[in-house]
Amino acid sequence: LVATALAYGASPLTPRETTVLREAALGAPAEEIAARLHLSAGTVRNYLTGAITKTGARNKVEAIRIAQDVGWI
């Protein structure tokens, strides 16, 4: 796992994308994440989209798995 994390390098995710992705990993829907973080649901979805793009994932679940596997969340 450490070798994989080193191969990927530093996380490309912003601190807010990391927080939102971590909350999503707990199974929280966008509306609940938004309430917890004092954001709008649309903003949460935008952060999730950014995380999906930056991890090269096809969807939120895959982005979470990738980020967890390399130690970004």
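Seven salt bridges are counted in this predicted model. Side chains of opposite charge can pair when their charged atoms come close. Three of the pairs are set out here.

| Salt bridge | N to O distance |
|---|---|
| Lys54–Glu17 | 3.0 Å |
| Glu62–Arg65 | 3.8 Å |
| Arg65–Asp69 | 3.2 Å |

**A link between helices**

Lys54 and Glu17 meet through their side chains, N to O at 3.0 Å. This pair ties together distant parts of the chain. Lys54 sits in helix α4 and Glu17 in helix α2, 37 residues apart. How accessible are the two partners? Lys54 has a relative accessibility of 38%, so Lys54 counts as partly exposed. Glu17 has a relative accessible area of 7%, so Glu17 is buried.

**Charged pairs along α5**

Helix α5 holds the other two tabulated pairs. Glu62 and Arg65 are three residues apart in α5, about one turn of the helix. Their side chains form a salt bridge at 3.8 Å, N to O. Arg65 also pairs with Asp69, at 3.2 Å. Those two residues are four apart in α5, so about one helical turn separates them. Shared partners join Arg58, Glu62, Arg65 and Asp69 into one network of salt bridges.

Accessibility varies within this network. Glu62 has a relative accessible area of 15%, below the 20% cut-off, and therefore counts as buried. Arg65, at 42%, is partly exposed. Asp69, at 35%, is partly exposed.

**Packing and ends of α5**

Helix α5 covers residues 60–69. Which of its residues are buried? They are Glu62, Ala63, Ile64, Ile66 and Ala67. These buried residues pack against α2 (15–25) and α4 (41–55). Glu62 thus belongs to both parts of the picture: Glu62 is among the buried residues of α5, and Glu62 forms a salt bridge with Arg65.

The N-terminal end of α5 is capped by Asn59. A side-chain oxygen of Asn59 lies 3.1 Å from the backbone nitrogen of Val61. Just after the helix, Gly71 takes a positive phi of about 80°.

**A positive phi at His38**

Most residues other than glycine have a negative phi. His38 is not a glycine, yet His38 has a positive phi of about 60°. Where is His38 found? His38 lies in the loop between α3 (30–37) and α4. Is His38 buried or exposed? His38 counts as exposed because its relative accessibility is 71%, over the 50% cut-off.

Methods. Residues are numbered from 1 along each chain as its sequence is written. This is a predicted model: local features need pLDDT of at least 70, side-chain atom pairs count only at pLDDT 80 or more; totals for chains, interfaces and linings use all residues. Side-chain values use heavy atoms; hydrogens and water are left out. Buried means under 20% relative accessible area, exposed over 50%, partly exposed in between (1.4 Å probe, protein chains only). Contact means heavy atoms within 4.5 Å. A polar contact is a pair of N or O atoms within 3.5 Å; within protein, one must be able to donate a hydrogen and the other to accept it, and residues adjacent in sequence count only if both atoms are side-chain atoms. A salt bridge is a side-chain nitrogen of Lys or Arg within 4 Å of a carboxyl oxygen of Asp or Glu.
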